[in-house]
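Please open the structure in your viewer and keep the selection panel at hand. The tour proceeds by selection.

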Amino acid sequence: MRVLITGGAKELGRAFSEAVGAQGHQLVITGRDEKALDAVEAELKAQGVDVETHVADLGDPSATPKLIESIGGVDVLVNNGALGGPVGPTWQVDETEWWRTFEVNLRGTASAMNAAIRTMTSGRVINVVSNAGVHRWPYVTAYSVSKAAVIKLTENVAVELKHRPIAVLSYDPGMVDVGLMHRGRTMDSDDPDLRRVSQWAKSQHTRGSFTPVEQSAGLLARIVSGEFDHRSGGLITPEDF
Ligand SMILES: NC(=O)c1ccc[n+]([C@@H]2O[C@H](COP(=O)([O-])OP(=O)(O)OC[C@H]3O[C@@H](n4cnc5c(N)ncnc54)[C@H](OP(=O)(O)O)[C@@H]3O)[C@@H](O)[C@H]2O)c1
């Protein structure tokens, strides 16, 4: 199967790429950072993975759709790329930055999903979401509300696809000690809002609430393989296993 992973060169996306590549799938990885894309391509090729990488900014709603069309479609799309968005009381954070988070996390995800579905006869779209989209996450509302919107978008599109062999699933990877959560829990800042969010992330880590990255990526690889297509529209998370 040809699997496209957005933001698949770094952090959690990279762990997803490694897990999916190890299953023998053909990988297409996107992101904005050309150096990171080149590095992951070289390393995965050295492991025998069939992989190509492309620069595509999710903030440009036509970039990933154009890529999907130009490569003749995909069997599986993993919408992983996202922004953490601004931190602070909602009425105080930069409004442009707040809406930019929606451009990437919601519009970028929706545009890629729509383009992928248009090219699919069968397959699946996996939208990577977060606990922040299920429960309230004050002080990071652009992130929380954009992920909540993706969860609801997934539910709706799954119903629209119920007579076609295409599944659409939300995947909450759990709190993982890479990327956003790692930066969050290890950050050292004088900013009281950043400190508040960091303290919370630290307490979750101390309490043992984090999911090992291998477990999170392993479950994503099982979703990619189609094991959870019968739960189309639903939210899957390692915490349920
Ligand atoms: N880490 C966690 O514990 C955790 C928990 C729950 C959910 N998640 C979700 O898992 C996913 C990955 O999170 P992460 O922790 O790895 O975050 P991260 O370290 O901030 O990485 C974000 C990824 O998204 C890509 N990206 C960001 N903006 C982009 C844009 N405009 N266009 C294209 N790609 C863009 C980045 O690649 P480039 O910089 O190359 O563009 C990078 O690969 C996200 O959807 C996040 O919400 C993570």
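The stops below treat strands first and aromatic rings afterwards.

This is a predicted model, in which local features need pLDDT of at least 70, side-chain atom pairs count only at pLDDT 80 or more, and totals for chains, interfaces and linings use all residues. Residues are numbered from 1 along each chain as its sequence is written, and side-chain values use heavy atoms, with hydrogens and water left out.

Select strand E4, residues 76–79. Helices (H or I, at least four residues) and strands (E, at least two) are DSSP runs, numbered from the N terminus. Val 76 and Val 78 on one side of E4, and Leu 77 and Asn 79 on the other, are all buried (under 20% relative accessible area; exposed is over 50% and partly exposed in between, with a 1.4 Å probe and protein chains only). In a regular strand the side chains alternate between the two faces of the sheet.

Add strand E1, residues 2–6, which runs parallel to E4 and is joined to E4 by 3 bridges; strands pair if DSSP finds at least two bridges between them. Here Ile 5 has Val 78 as its bridge partner.

Next, select strand E5, residues 123–128, which pairs with E4 in the parallel sense over 4 bridges. Arg 124 in E5 stands opposite Val 76.

Finally, select Arg 196 and Tyr 139. Arg 196 lies over the face of Tyr 139, at 4.1 Å from the ring centre; a charge sits over a ring if NZ of Lys or CZ of Arg is within 6 Å of the ring centre and within 35 degrees of the ring normal.
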